[in-house]
Structures are given as C-alpha cells and as structure tokens.
Amino acid sequence: MATRSMASITRQAPKLTDDIATWQDQAACYPWDFKKHGDPFFPSSVSAEAANQAQSICSTCPVKAMCTELGYSDRDTFKYGIYGGTSPEDRTRSARKQGRIKTGRPRK
C-alpha cells in the first residue's frame with residue numbers, strides 16, 4: 001500500500017496551510033496549557049486510559065491527518081507519544097497492515 005507524504009495530505013485539506021511550522025498552530029492542542037494541565041500527549045503510562053485525554057483533544061482537530069502522519073515520520077515519533085489520536089501501539093498495528101513495517105520498526 002502506498003504511503004502519503006505531508007504534501008499530499010495538505011493538498012487534501014486546502015483550507016489549511018502546507019507550511020509545516022504553521023499547520024501545528026491550527027491544531028486543537030495548540031492552546032493547551034502544559035504547565036497547568038500536564039502533557040497528555042506523552043502519558044507516563046502505556047495503558048489505553050492514559051491516552052484518553054489526548055485522544056479526546058485530537059478527535060476534534062482540523063489537522064489530525066497531518067499530525068497522524070507526523071507520528072509515522074521517524075523512529076522517535078513512531079515509538080512514543082500520541083499523534084493525531086494514535087498511540088504507538090495503534091501506529092504499529094496500522095503500519096503492519098499497510099506493509100510499512102515487518103519487524104516492529106518503521107521503514108525510512
């Protein structure tokens with residue numbers, strides 16, 4: 001299965017900018033006060049419940065597809081954190097189904 005590049009995703013969302021530095025400013029999590037509320041996008045536990053708060057924020061995000069793709073972009077984002085509402089386990093399952101990985105590591 002073909003993978004999509006960031007450019008192809010931004011073409012599918014014409015109201016959003018394709019500038020990588022700017023699309024993140026349009027994210028639902030952009031105004032999140034990390035000092036006050038902590039960081040739900042990098043929970044200390046790997047349990048599904050720990051990711052619920054981040055996934056709730058991501059569910060209404062207008063740039064969710066771009067953020068999800070960012071979660072696949074390199075080894076660190078693939079293995080850690082919530083991107084576009086997907087956990088590392090979600091990305092691993094999806095990547096295996098898509099043929100992106102075979103041994104648990106993303107292809108470059």
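**Burial, contacts and cysteines in a predicted model**

Q: Which residues does threonine 86 touch, not counting residues up to four places away in sequence?
A: In this predicted model, threonine 86 touches Thr68, Gly81 and Arg91, when residues up to four places away in sequence are not counted. Threonine 86 itself is found in the loop between α6 (75-79) and α7 (88-98).

Q: Why is threonine 86 called buried?
A: The relative accessibility of threonine 86 is 16%. A residue counts as buried when its relative accessible area is under 20%, and therefore threonine 86 is placed in the buried class.

Q: What makes the approach of the threonine 86 side chain to the backbone oxygen of tyrosine 83 a polar contact?
A: The side chain of threonine 86 reaches that oxygen at 2.6 Å. A polar contact requires N or O atoms within 3.5 Å, one able to donate a hydrogen and the other to accept it. The value of 2.6 Å therefore satisfies the distance limit.

Q: How do you know that the buried residues of α7 line one face of the helix?
A: The buried residues of α7 are Pro88, Arg91, Thr92 and Ala95. Seen down the axis of α7, these residues fall within an arc of 100°, and so they line one face. What covers them includes α5 (64-71) and α6. After α7 comes glycine 99, whose phi is positive, near 80°.

Q: What makes up the secondary structure of the chain?
A: The chain has seven helices and zero strands. Read along the sequence, its pattern is α-α-α-α-α-α-α.

Q: Which residues form the largest nonpolar core?
A: The largest nonpolar core has seven residues, namely Trp23, Ala27, Cys61, Val63, Met66, Cys67 and Tyr83. Apart from it lies another core, of six residues, among them Phe41, Ala51, Ile57 and Ile82.

Q: What makes cysteine 61 and cysteine 67 eligible, in terms of burial, for a nonpolar core?
A: Membership requires a residue to be buried. Cysteine 61 counts as buried because its relative accessibility is 15%. Cysteine 67 has a relative accessible area of 19% and is therefore buried as well. Both values are under the 20% limit.

Q: Why is cysteine 61 not bonded to cysteine 29?
A: The sulfur of cysteine 61 is 6.1 Å from that of cysteine 29, its closest cysteine sulfur, and a disulfide needs the two sulfurs within 2.5 Å; the pair is therefore too far apart for a bond. Cysteine 67 is in no disulfide, and the nearest cysteine sulfur, that of cysteine 58, is 5.9 Å away. The structure holds zero disulfides.

Q: Where are cysteine 61 and cysteine 29 placed in the chain?
A: Cysteine 61 is in the loop between α4 (52-58) and α5. Cysteine 29 is found in the loop between α2 (20-23) and α3 (34-37). The two cysteines are 32 residues apart along the chain, and their C-alpha atoms are separated by 7.8 Å. Not counting residues up to four places away in sequence, cysteine 61 touches Ala27 and Ala28, while cysteine 29 touches Phe41 and Ile57.

Q: Why is cysteine 29 called partly exposed?
A: Cysteine 29 has a relative accessible area of 26%. Partly exposed residues lie between the buried limit of 20% and the exposed limit of 50%, and so cysteine 29 belongs to this class. The C-alpha atoms of cysteine 29 and cysteine 58, 29 residues apart along the chain, are separated by 7.4 Å.

Q: What share of the chain is buried?
A: Buried residues make up 33% of the 108 residues. The accessible surface comes to about 7,000 Å², of which 52% belongs to carbon and sulfur atoms.

Definitions and conventions: Residues numbered from 1 in each chain as written. Predicted model: local features only at pLDDT ≥ 70, side-chain atom pairs only at ≥ 80, totals over all residues. Heavy atoms only, no water. Core = buried A, V, L, I, M, F, W, Y, C linked by side-chain atoms within 4.5 Å. Buried < 20%, exposed > 50% of the residue type's maximum accessible area, 1.4 Å probe, protein only. Helix = DSSP H or I, 4+ residues; strand = E, 2+ residues; numbered from the N terminus. Contact = heavy atoms within 4.5 Å. Areas by Shrake-Rupley, 256 points an atom, 1.4 Å probe, with all protein chains shown as cover. Arc of directions from axis to C-beta.
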